[in-house]
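Thanks for passing this one along. Here are my notes, in the order I would go through them with you.

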Amino acid sequence: MLKISNLVKRYGSDEPVLKGLDLTVEGSCVVSIVGASGAGKSTMLRCINRLVEPTSGSITLNDLELVSLGKGELRRARRKIGMVFQGFNLIDRLTVMENVLSGRLGYVNFFQAVSRRFPQQDIDRAFTLMQRVGIVQYANKRADELSGGERQRVGVVRALMQEPEILLADEPTASLDPKTSEQIMVLLQSLSDEMSLPVLINIHNVSQAKTYTERIVGLRHGRMIFDGAPADFNKEALDAIYGGIEAAEEMLEKNTWEKVS
Ligand SMILES: Nc1ncnc2c1ncn2[C@@H]1O[C@H](COP(=O)(O)OP(=O)(O)OP(=O)(O)O)[C@@H](O)[C@H]1O
């Protein structure tokens, strides 16, 4: 279970960009985080794995307080937090298999890591997961020879190799075409189900959030102003989150792939 309590983040001496967020996510559940550009979505996600240092508040993952962890403890805790990125963050010159296995780097010793010698069970797990998401045939291809959708599947498998207790996805479909985006959203949904894995997705596409996630969290200026089921995410909620943005109404009705800024 992920439990965020009264999370505040202030960059320097500026006004806080997160102003006391509370969120609890449990079990197999895909939660989308929506909000206009600058609302604090990425900051919130990155506070969870401490890529961004929270200013105050508490974040626990299965009862482990993440905010106060020292360096070594944080490294261990991060193994349990998988992350999927908009730009995939693969190493282009390495093969798909090598990229996937890099998800195990937090688990192997220094010599195994530098020589990239992974235990057989890691290699077996890599094959199983690649098979599951439909990329096993690319195992020995260089990562930069794959399409965007295939690259994102590699990113997902790499995150799953960590045996995460939660998966964070920062705009995982923003670099993909509409059809491929939908496939990735469906994949995340089914993996969450199969693995009882909570998944948090930052997403600009409200229509996708409504279709492919079971809970929507809406941020505005660093505050959570909506937390509910997609069916309840109506025009009023949309206005509250994106108020003043002309295209807002259209976003509920059709697939819009542009960023709302
Ligand atoms: N490293 C940083 N230093 C200073 N300010 C930052 C930093 N990172 C983000 N911010 C500010 O914090 C606010 C929230 O940014 P954040 O990236 O979390 O928003 P977002 O909702 O994810 O936006 P987008 O959808 O455009 O990615 C913005 O005003 C941004 O300028």
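**Notes on the fold, core and ligand site**

1. A good place to begin is helix α9 (residues 235-242), which lies across β3, β9 (215-220) and β10. Its direction is at about 160° to that of β10. Do keep in mind that this is a predicted model.

2. The sheet itself is open and has six strands in the order β6-β7-β8-β3-β9-β10, with mixed pairing. At its edges are β6 (81-85) and β10 (223-228), each pairing on one side only. From one strand to the next, the twist averages 20°.

3. Within this sheet, strand β3 (residues 29-34) and β8 run parallel and are joined by five bridges. C29, for instance, has P198 in β8 as its bridge partner.

4. V199 also sits in strand β8 (residues 198-202). Why does V199 count as buried? It has 27 C-beta neighbours inside 10 Å, and 20 or more are enough for that label. Beyond four places in sequence, its contacts are V30, L167, A169, L188 and S192. The C-alpha atoms of V199 and V25 are 8.7 Å apart, although 174 residues separate the two along the chain.

5. The largest nonpolar core holds 65 residues, and V100 and V157 have the most contacts inside it. Helix α6 (residues 148-161) supplies the largest share, six residues. Leaving out neighbours within four places in sequence, V157 touches V100, L129, M130, V133 and I135.

6. Finally, the ligand: around it are Y11, V17, G35, S37, G38, A39, G40, K41, S42 and T43. By class, this shell has three nonpolar, six polar and one charged residues.

Terms used
Residues numbered from 1 in each chain as written. Predicted model: local features only at pLDDT ≥ 70, side-chain atom pairs only at ≥ 80, totals over all residues. Near = placed C-beta within 6 Å. Nonpolar A, V, L, I, M, F, W, Y, C, P; charged D, E, K, R; others polar. Core = buried A, V, L, I, M, F, W, Y, C linked by C-beta atoms within 7 Å. Buried ≥ 20, exposed ≤ 12 C-beta atoms within 10 Å, placed from the backbone. Helix = DSSP H or I, 4+ residues; strand = E, 2+ residues; numbered from the N terminus. Contact = placed C-beta atoms within 7 Å. Pairing = 2+ DSSP bridges. Axes fitted to C-alpha atoms, helices over the stretch in contact; angles between N-to-C directions.
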